[in-house]
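Q: Please take a close look at one part of this structure, chain A, and explain how this part relates to the rest. A connected account would be preferred to a list.

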Amino acid sequence: MGYLRLKQPVALPPPDDDKRWKIIDVTMRRNGYSGHALIETLHKVQDCFGFLDDVALRYVARSLRLPLSKVYGVATFYHLFTLKPQGEHTCVICTGTACYIKGANDLVDGVHERYHAKPGQTTGDHKLSVLSARCLGACGLAPAAVVDGKMLGKQAADALLAEIEKAIE
Amino acid sequence: MARHPATPAAAPKVRVVTLKIDGHDIGAREDETILNAANDNGIRIPTLCYLEGLSEWGACRMCVVEVAGSPKLMTACSTRVAEGMEVTTNSDRLQRYRRTILELLFAERNHICSVCVSNGHCELQSLARACGMDHVRVPYRNAAYAVDSSHDLFRIDQNRCILCTRCVRVCDEIEGAHTWDVMGRGVDSQVITDLNQPWGQSTSCTGCSKCVQVCPTGALVKKGTAAGEMEKQGGFLPYLTEMRGNR
Amino acid sequence: MNLHELQVVAAEANAKANAQKRCVRVCMAASCQSSGAGGVLKGLKSLASSDADHDVCVKGVGCMGLCSAGPLVRVSSADDTPDRLYQHVQEKDAKELFASVDDGPVERLACSTDLPFFTRQKRIVLENSGEIDPEQIDDYIAAGGYEPLVRAVTEMAPYDVLRNVTESGLRGRGGGGYPAGLKWTTVARSPEPDKYVICNADEGDPGAFMDRAVLESDPHRVLEGMALAAYAVGAQYGYIYIRAEYPLAVERLEKAIKQATKRGLLGHHICDTPFSFEVEIRLGAGAFVCGEETALIASIEGQRGQPNPRPPYPADEGLWGCPTLINNVETLANIPAIMREGGEWFRSIGTESSAGTKVFALAGRITHTGLIEVPMGITLREIIEEIGGGIPEGRKFKAVQTGGPSGGCLPEEHLDMPVDYDTLRSAGSIMGSGGMIVMDETSSMVEVARYFMEFCMTESCGKCVPCRAGTAQMYELLDKIATSTGTPADLQLLEQLCEVVQACSLCGLGQTAPNPVLSTLRYFRHEYGEKLRPDPLLQPVAAERNGK
């Protein structure tokens, strides 16, 4: 289970000379290159690169000495991880119960109509990724959405579209 | 992965307990599961994901039994026996549940026996017969899955997979390669090799065929078999585990 | 740090606070922040620092509760004048508010503090929320924080802590309501040398934000609760498993752990005793099922968050096979108060079977949405009509949903029921973690059931067959019924599937997934009936003909 390590782990050479691999190495080293740091490491890779590609998954698997299929299984189990590059801008629509009751579906439909992207999809020009969240915990502000990290409460479809427009411009 | 069963060798002092299974008085070691105790006494409990020699997974829920005093059903494969336990393995309610679970499995993917290479040698099929599941009431989901024939010797047909993870466990626990794992979650789960790449391109697969032999359905098969020709040889597994335990 | 040193820190902080004429508190919880509280705080702070007298203290504090009226600002004075609460404050209002310290209140923004929303609450878990600066450990110490921990490790045996918790009658606030004392005792009794304490902050129920508010408003309280738990059960290491969707809570927790470790209240040899306790944060990655104990453990171990059959229970074999105590945020946040006031005191609050208070997140079609803490045994009607201010826009109440996707919808006739674990369960719902969503006549109950089933379907881990395939089938059936294409046979099949999924699923997610369907069927069956197509055999023919 990766708890007891027999051999002293060593850092592997990174796949290329991108500086960001150093940051990922730091995370793995802090956890003693043990297998249970997999999720922490994947979080770090996604923070640095925006998504998890094959190169990164292979590097993490080899560094933490985990089977490839296991790393892939974990990366696809958790919904926060994405294996595809994201658009330049993101719009997260909360579909929690409070937002659902107050009309989150209108927001989803409105964005879909304007940008032809449903939650989980990215527009063809890679400008915008639309995501849904299971609950942002901002139920007092339902329906809520987050555009490029900025939380927007009590949204109507028009207002949200205007915000997205502003972000993309 | 799931926990390994407690090895008898590691537990020197094991008490023997008595319990009742379906009204029969039975003696069993306290580290045994209900399933083991029942099997040793000729009481058959249907199983699907369970396989002797592999860790317990407890996912197919076919082996659920009623234990007196417990409001919840227990899986016989993962529950240890206890002194004075009263177990019912085959009530009308349990039979109904098992039939429904089988129906859900049949409807989940594509299990058309007549064209399947495992027809007549399939555990899902024989279980359906044994449990009296003669028709499926829930609608078929009819999702199309890929068939991967890239491996030189074997083929995987995801349409026949019931996600019992026997292949994953045997590859990890017995062969030690961990070529297989499960990706995604929920209804979208699927078994994969390496980074979800074609089996033939897998760098970790040793081609040992253990996964094929333990697969209960026609999902993992030898190439070149026609309908009804694929007979699995799973008998190696208890032998292998025992030999390893003795080493 | 010993008790004396702690008391000195508290006295100094209190003296500093008392020396200032006024204190302006700005709610900096996520909800108010997203409506612009950051700008308000910045504006007020710069005014305070340029003020000649320097006798006004401006600080960012945790959740004040009334999220729908945010950003909230509270102005209190050292003399006897009552506190003033201001709502919907924007950055441009900062100057006016600051001047109000001398010039009198700003009526335009005033929010009454006599609302039942504030007066009917009883705050234990939230006692410091909206009072202290969550990023300053001294604020927490000044409010009496960490004293229970220091007293416990220096003056009490672990067994005394355990007895207090058992006596308090505290039950797990995460949903199941398992007696905390019993769980603690199981772990404490284990002879294994390595044990773990895990704080479950994977608040996944949509519509619930209690844990987030507690972590953002009073993170030290949770750490202290964990340390007390670790001392009682004999653990040396703890994990906080928290959703990655709560960045502010994570940031504040990280800060709090650093501060507490620096003060010697966490880490090696706490208060120079042999007791050591280290805490690490683990981020979730968007999987609801990881709220289930065994799945959570799998996730901390870096695996797919799939549950394992119980027994063995985590209290016997948990993280890395070691005995593990898992408690939810709110449960742990109750511990410092229990240790301070005693188990008997806690038991005297609430009802016979459910002691203490419960934090609820009020949301949906209700006038005052936000966070409340009320004693157990209060009726739903009091919560919704008095504290929540009823249904807005003159609409009629229809149902209240408690317990999230594992809970149920309760109709009007159950509003006078006292809220505790057992009554809610007998009515077909559960307490859950405390989300409370109010629905009015515009909500279709079939659609609500479909919404929750979709949630369970996408959150099912896929391990066991009844939950994986069963929730997908139930969703399809509910979708058919909701879109008026279902037949009576579909409804019958749906009910049969509910029974199997409930009885046979591996973990709590699957076992409770049918609850929203079962409870809406129990109380709103007519809504299902109205949507059914009467004659199943003729439908395909009719549809075909229409198609041509």
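A: In this predicted model, the contact between chain A and chain B involves ten residues of chain A and 14 residues of chain B. On the chain A side, the elements that contribute two or more residues are helix 3 (54-63) and helix 4 (68-77) of chain A. Helix 4 of chain A supplies the largest share, seven residues. By class, the residues of chain A that touch chain B comprise five nonpolar, three polar and two charged.

Chain A also touches chain C, and this contact takes 32 residues from chain A and 37 residues from chain C. Three elements of chain A each supply at least two residues to this side, namely helix 2 (38-49), helix 4 and helix 5 (97-101). Among them, helix 5 of chain A gives the most, with four residues. The side of chain A that touches chain C has 21 nonpolar, ten polar and one charged residues. Helix 4 of chain A thus appears in both accounts: it gives seven residues to the side that touches chain B, and at least two residues to the side that touches chain C. As a general remark, the size of an interface is often given as the accessible area lost when the parts come together; the description here is by residues in contact.

The domain assignment divides chain A into domain 1 (20-77) and domain 2 (89-168). The C-alpha centres of domain 1 and domain 2 of chain A are 29 Å apart.

Helix 1 of chain A, residues 20-30, merits particular attention. Its buried residues are W21(A), I24(A) and M28(A). These three residues lie on the same side of helix 1 of chain A, because they cover an arc of only 60° around the axis. The general background is that an α-helix has 3.6 residues a turn, so residues three or four places apart point the same way. The other side of helix 1 of chain A holds the exposed residues K22(A), V26(A) and R30(A). The cover over the buried residues of helix 1 of chain A includes helix 2 and helix 3 of chain A. Helix 2 of chain A therefore has two roles in this description, since it is part of that cover and each of helix 2, helix 4 and helix 5 supplies at least two residues to the side that touches chain C; helix 3 of chain A is likewise part of the cover and gives two or more residues to the side that touches chain B. After helix 1 of chain A comes G32(A), which has a positive phi, near 65°.

The partners of chain A can be described in turn. Chain B has six helices and ten strands. A compact globule of 247 residues would have a radius of gyration near 18 Å, and the 19 Å of chain B agrees with this. The C-alpha trace of chain B spans about 55 × 50 × 30 Å along its principal axes, and 44% of its 247 residues count as buried. One open sheet in chain B has five strands in the order 2-1-5-3-4, with mixed pairing. Its edge strands are strand 2 (24-29) and strand 4 (74-75) of chain B, each of which pairs on one side only. Within chain B, strand 1 (residues 16-21) and strand 5 (residues 86-88) pair in the parallel sense over two bridges. K20(B) stands opposite E86(B), which lies in strand 5 of chain B.

Chain C, the other partner, has 23 helices and 14 strands. For its 548 residues a compact globule would have a radius of gyration near 24 Å, and the 25 Å of chain C agrees. Along the principal axes, the C-alpha atoms of chain C fill a box of roughly 85 × 65 × 40 Å, and 58% of its residues count as buried. A local example is strand 11 (residues 370-375) of chain C, which has five of its six residues buried, so it is largely enclosed by the rest of the structure. Strand 10 (residues 357-364) and strand 11 of chain C run antiparallel and are joined by six bridges. A hairpin connects strand 10 to strand 11 of chain C through five residues, and L362(C) stands opposite G370(C) in strand 11 of chain C.

Terms used:
Residues are numbered from 1 along each chain as its sequence is written. Chains are lettered from A and ligands numbered from 1 in the order in which they are written. This is a predicted model: local features need pLDDT of at least 70, side-chain atom pairs count only at pLDDT 80 or more; totals for chains, interfaces and linings use all residues. Domain bounds come from an automatic or database domain assignment. Two residues are in contact if their C-beta atoms, placed from the backbone, lie within 7 Å. Ala, Val, Leu, Ile, Met, Phe, Trp, Tyr, Cys and Pro count as nonpolar, Asp, Glu, Lys and Arg as charged, and the others, Gly among them, as polar. The radius of gyration is taken over C-alpha atoms; the globule rule is 2.2 Å times the number of residues to the power 0.38. A residue is buried if 20 or more other C-beta atoms lie within 10 Å of its own, exposed if 12 or fewer, and partly exposed in between; C-beta atoms are placed from the backbone. Two strands pair if DSSP finds at least two bridges between them. The arc is that of the directions from the helix axis to the C-beta atoms.
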